[in-house]
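Dear colleague,

Please find below the sequence and structure that I am handing over to you. My notes on the findings follow directly after it.

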Amino acid sequence: RPLTQEEIAHRRELAKRRHAEKLAASQGKELLEKPPNENPPEITGNTGDTKGEERQLTDQAESVTSKAVKQEVDSKESFIAFARVFSGVVRKGQKVFVLGPKYDPAESLHKLSSQSSATDDLPLVPHMTACTLENLYLLMGRELEDLEEVPAGNVLGIGGLQDSVLKSATLSTSPACPPFTPLNFEATPIVRVAVEPKHPGDMPQLVKGMKLLNQADPCVQVLIQETGEHVLVTAGEVHLQRCLDDLKERFAKVQISVSAPIIPFRETITRPPKVDMVNEEIGKQQKVAVIHQTKEDQNKTPEGIQVDSDGLVTMSTPNKQATLSVRAMPLPEEVTRLLEENSDLIRTMEQLNTSLNEDKKNHEINQKTMDRIKEFKQKLEQHLQGRKWRNAVDQIWSFGPRKCGPNILLYNFEGYKRSVWQCLGNAVKEVRKYRDFDNSIVSGFQLATLSGPMCEEPLMGVCFAVEKWEINKVGEIPSTNSQDSEECDATERNQNEDTTLTSSCTDEVCSVNEHQDSSQSVTESPEKISKHKGEALLADCYGPFSGQLIATMKEACRYALQAKPQRLMAAMYTCEIMATAEVLGRVYAVLSKREGRVLQEEMKEGTDVFIIKAVLPVAESFGFADEIRKRTSGLASPQLVFSHWEIIPSDPFWVPTTEEEYLHFGEKADSENQARKYMNAVRKRKGLYVEEKIVEHAEKQRTLSRNK
C-alpha cells in the first residue's frame, strides 16, 4: 500500500536524525584524536577509570556536537538562487562568470579574450565577477535534493551566490555571452516608509537585515535618504506588511519602529479654467474678482521681481550683472508620458553629451542608440505642434529633474545654440559669455523641478522657457563691483568712524588699480580678458556669480510656476474587484468614500460574478482591502496595481470670488478640498508652514460657580 503523509514525514525525520548522529560521531572522533605534540590530558586513578572517562568524554562530545549542529541548522539561513539552464550542463563546483543586468560584452571583450575562463586571473571588468557553484538543488516542494549536474531545460536551485548576485544575473562560462534582461514586474514600488530600530545599538543588525531583504525580494527597494533615514519602498500595503514582518522575524531579528507611509505626489500647472466651481462660465464679474486677486498676489511678490499678465517672470541676480526672463507652460499629456517612458534613453543622451563636451573621442555611439534617439525626437516633434511650440524640440536645453525627468527647459533667446541633440552631430559653438555660465542656468532648473513651491514635491509635465538672458559687458563689471564693495563698506561706516577713512581710502586705491588693470588688458589676448572677466565676476560681496545665477534661475522658475494655475498630481492604482451581485452596492460605497472612480463593470459569463475595474488614489488605499472585505463579508476581493499619475482637479488655493460661489460654498468655503488636504499633510510632514486656524470656534468660558 502507498505510504501516508504522516509515515513519509516520520521516515524523513528518522533519516535526518541518523544523518545528524553520523555527523556528530565523526566530529566527536576528530575532537578526541589530538595531535601528538599536545600535552596529554591529566588522568587520575587506574586504567579501568581512564576507559570509563574516555567513554564519558565521547558521550559529552557527541551531545555537544549534536547540539551545535542543531543550533547551526536553526540559526543559519542561506540564499538559494532560482535558475533555469538554457544551454549546456551545470556541474557542482564549476567556476562561472556572473554577468549583471548592465554588463555589456562589447565594452569588456577588449580587456579579455572570448576564450578566457572563470578560473583565469582576470582584470577588473564592470558588472562581471567570477564565482563557484557550491551546491545544486532539485526544488521538491519544501525539500531540497542535492544534485551533481543539471542538463539544459531544467529549473534548479543554486547555493553560494549570495555574495555575487543582488536581484538577478546571468551565469555563463564565456564572457562573450550577453546578459538576459532583468525580470520586469507589473507592480511598481510606490509606498515608502522610514525604518529605525527601537534600540539604537541594533542599527548594524537592521542595516544588514535590510541588505538581505533587498536581495531576497525582487520588488522591494532599499535606500538611504539625504536626511539619513533608512527607507523601504514597496508595491503596496500588503507587500509593505510582508516586508516588515520578514525584517523583524527573519533578516534583522530586532524590534523596529516604522513611520507612517510616505505617499509621493507631483506638482504641475494647467491651462486657466473656463468655468468656475459652480460650473458657470467665467464672465465679467468673475474676471474682475480674479484681477483683484491677482493684484493682491502680485503685491505679495518681493521687490525686484516683475510678473507680466501672461506669466513672464523677470528677475536679476543680486549684483545686477545678469537678468533672466522665464515663462512656465504645461506640457501635453502625450509628451509627459513619452518623457517618462524614455527616461533611460534621455539618461544615455546626457552621458553622450557630457562626453562630447569634454572632447572624449573614445566614446563611440551605437547605431541602434542613434536610431532610438532619432525616433524619440520625431515623436516629440509630432506631439509638440502649433504656434507656441514652433522650433521647441530643437531648442530643448535640458530635461529635469536629475536631467532625465518629465520636465523640459527651452532657450528662446538669440545668440545661444546648445541643445540635448548634440549627440546627433548638430553641435554648434555658442557665444563665449553664455558658455561660461550655462551650466548654472541648468542647475537652477534642476533644483526648481526637484522641489516645487506647493509642498516641495517634484514637478511633472512643466516646460520652462528662458526668453531673455542678459549679461553685462566686461568693461562695466569692475566699476559695478567697486560700487558693490562701496555699498558693503557703507554698512561698516555706521559702526566705526575711524575705520571709514581707511576703508574708503583702500576702496579708492582698489578702484584705481582696477581701472589700470582694465586699461592694460586692452592690449592683452582675449583669453586673458575672459580670465579677468571671470575674476571680476567672482570678486563680489554677494558670492560667486555662478551661484547667484543658480539661485536666481530657481526662484524665477518658482515664481513662473506660481503665476499659472497650480495643481497636485496623485499616484493612482488600478483596482480590479470580483464581487457577486448582492454586495455590488457596498463595493461602490467603499470606492466612492475613498475618492475612487469606476471605469467599467462587466459580468463573467456563466457566473453571477461581476468584475469591476476602477482607479483609486494610493493615498486612500490604506486599509481599503480590509474594509471592502469587512463590508462585503469576504465576498469581494480587490487587487491593486500602480497605474499612472493623475491631476487632482480641485485647486488647493481656491477661494470663493463670485456671488454664486459664496452662496454655494459659504463665506469661509470650509468644505473638504481634497488637494488642500493632501498638500497640508505633506507640508506638515516636511516641517513647512501650514496656513490653518488652530481655534475655529472660540467662546468665552462660563464658570458654573456663582460670583460671590
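In this predicted model, Thr 449 touches Gly 400, Pro 401, Asn 407, Pro 458, Leu 459 and Phe 464, leaving aside residues up to four places away in sequence. Thr 449 belongs to helix α11, which covers residues 438-450. With a relative accessible area of 0%, Thr 449 is buried, because the cut-off for that class is under 20%.

The nonpolar interior comes next. The largest nonpolar core comprises 37 residues, and those with the most contacts inside it are Ile 190, Val 195, Leu 232, Leu 247 and Leu 568. Two or more residues each are supplied by β10 (191-197), α4 (203-216), α5 (237-251), β21 (566-580), β24 (637-647) and α19 (674-686). Strand β21 gives the most, namely six residues.

Leu 568 has contacts with, among others, Phe 265, Met 454, Cys 455, Ile 647, Ala 675, Tyr 678 and Met 679, again not counting residues up to four places away in sequence. A second, separate core has 33 residues, including Ala 322, Val 326, Phe 445 and Val 466.

On the surface, Ile 80, Phe 82, Leu 139, Leu 144 and Val 155 make a nonpolar patch of about 440 Å². Leu 139 is part of strand β5, residues 135-140. The relative accessibility of Leu 139 is 33%, so this residue counts as partly exposed, a class that lies between the 20% and 50% limits.

With kind regards

Conventions: Residues numbered from 1 in each chain as written. Predicted model: local features only at pLDDT ≥ 70, side-chain atom pairs only at ≥ 80, totals over all residues. Heavy atoms only, no water. Helix = DSSP H or I, 4+ residues; strand = E, 2+ residues; numbered from the N terminus. Buried < 20%, exposed > 50% of the residue type's maximum accessible area, 1.4 Å probe, protein only. Contact = heavy atoms within 4.5 Å. Core = buried A, V, L, I, M, F, W, Y, C linked by side-chain atoms within 4.5 Å. Patch = residues over 30% accessible without salt bridge, like charges linked within 9 Å, V, L, I, M, F, W, Y side chains within 5 Å. Areas by Shrake-Rupley, 256 points an atom, 1.4 Å probe, with all protein chains shown as cover. Salt bridge = Lys/Arg side-chain N within 4 Å of Asp/Glu carboxyl O.
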